[in-house]
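Got the viewer open and a cartoon drawn? Let's walk through the model one selection after another.

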Amino acid sequence: LESRTQTVSTDFVVKVNAVTSTTRHLVILDPGVDKADWLSQGIKAGYGLEVLSSKRPGLEQISEILRRYHHLDTLHIVSHGRAGALQLGDGWVTVQEMASAADAVMGWTEALAPEASVLFYGCELAKGELGKRAITLLQELLNATVYAASTLVGSPAMGGQWILETA
């Protein structure tokens with residue numbers, strides 16, 4: 001697969017926008033993210049926002065959420081991350097768990113437009129061999145371009161950056 005880089009603007013958090021059936025861009029936010037309340041206060045016009053519960057499995061919740069959407073151009077998932085894993089809902093989801101839940105994750109494609117991109121804002125998700133396996137698996141399951149970071153994500157003042165890569 002070709003390697004590409006996506007620089008992500010930090011301005012996607014701007015103002016509150018109601019979720020509608022015509023939403024083309026969706027942000028799914030894990031409540032464990034630092035400043036989740038601040039992030040959820042505003043999403044750029046045209047973007048919908050869904051916040052996961054910390055009391056239920058994350059993959060299950062995302063599947064339920066995405067059943068309400070169609071033709072999404074971009075899906076943004078904001079959570080904590082580590083090599084090959086994301087914190088979603090009530091715990092960490094590893095590459096092995098993603099593979100075990102392949103049918104459920106493949107179901108997300110029903111919500112995506114044909115040329116959709118899925119962006120994971122979880123620190124170091126794409127780091128190392130485990131991270132590369134996770135991104136490759138997600139691209140195969142979602143039939144979409146998947147972007148994730150192999151470094152810390154966030155404010156440069158805090159040691160992060162807004163650069164996401166794809167396999």
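Select residues 85-88 and 91-94 to begin: these are strand 6 and strand 7, and they pair in the antiparallel sense over 4 bridges. Bear in mind as you look that this is a predicted model.

Now show side chains here. Glutamine 87 stands opposite tryptophan 92 of strand 7. Stay on that tryptophan and add arginine 82: the charged end of arginine 82 sits over the ring of tryptophan 92, 4.2 Å from the ring's centre. If you feel like hunting for aromatic pairs too, a search of the whole structure turns up 1.

Next, go to the turn of this hairpin, where 2 residues lie between the strands. What phi does glycine 89 take there? A positive one, near 65 degrees.

Keep glycine 89 displayed and add glutamine 61, since the next stop links the two. Setting aside neighbours within four places in sequence, glutamine 61 is in contact with Gly89, and also with Leu52, Ser53 and Arg56. Glutamine 61 belongs to helix 2, residues 58-66. Is glutamine 61 buried or exposed? Its relative accessibility is 5%, so glutamine 61 counts as buried.

Widen the selection to the whole of helix 2. This helix is mostly covered, with 7 of its 9 residues buried. Besides Gln61, the buried set is made up of Gly58, Leu59, Ile62, Ser63, Ile65 and Leu66. As for what lies alongside, helix 2 lies across strand 2 (25-29), strand 3 and strand 4, and runs at about 155 degrees to strand 2.

From glutamine 61, hop over to valine 51. The two residues are 10 apart along the chain, and their C-alpha atoms are separated by 9.5 Å. Valine 51 is in strand 3, which spans residues 47-51. With a relative accessible area of 45%, valine 51 is partly exposed. Not counting residues up to four places away in sequence, valine 51 touches Leu29, Pro31 and Ser40.

Strand 3 is your way into the sheet. Colour the strands by number and read across: 5 strands form an open sheet in the order 3-2-4-8-9, with parallel pairing. Strand 3 and strand 9 (145-147) are the edges, each pairing on one side only. Neighbouring strands of this sheet are turned by 15 degrees against each other on average, direction ignored.

For a detail from inside that order, pick residues 72-78 and 112-121. These are strand 4 and strand 8, which pair in the parallel sense over 6 bridges. Look for histidine 76, which stands opposite leucine 119 of strand 8.

Then select residues 128-142, which make up helix 5. Helix 5 lies across strand 8 and strand 9, running at about 145 degrees to strand 9.

Last, two backbone stops. Most residues other than glycine have a negative phi. Which phi values do histidine 71 and asparagine 143 have? For histidine 71, phi is near 60 degrees, a positive value in a non-glycine residue; you'll find histidine 71 in the loop between helix 2 and strand 4. For asparagine 143, phi is positive as well, near 50 degrees. Asparagine 143 is in the loop that runs between helix 5 and strand 9. Switch on the surface as you finish: asparagine 143 is exposed, with a relative accessible area of 64%.

Note on methods. Residues are numbered from 1 along each chain as its sequence is written. This is a predicted model: local features need pLDDT of at least 70, side-chain atom pairs count only at pLDDT 80 or more; totals for chains, interfaces and linings use all residues. Side-chain values use heavy atoms; hydrogens and water are left out. Rings of Phe, Tyr and Trp (its six-membered ring) pair if their centres lie within 6.5 Å; planes under 30 degrees apart count as stacked, over 60 as edge-to-face and the rest as tilted. A charge sits over a ring if NZ of Lys or CZ of Arg is within 6 Å of the ring centre and within 35 degrees of the ring normal. Two strands pair if DSSP finds at least two bridges between them. Buried means under 20% relative accessible area, exposed over 50%, partly exposed in between (1.4 Å probe, protein chains only). Contact means heavy atoms within 4.5 Å. Axes are lines fitted to C-alpha atoms, for helices over the stretch in contact, and angles run from 0 to 180 degrees between N-to-C directions.
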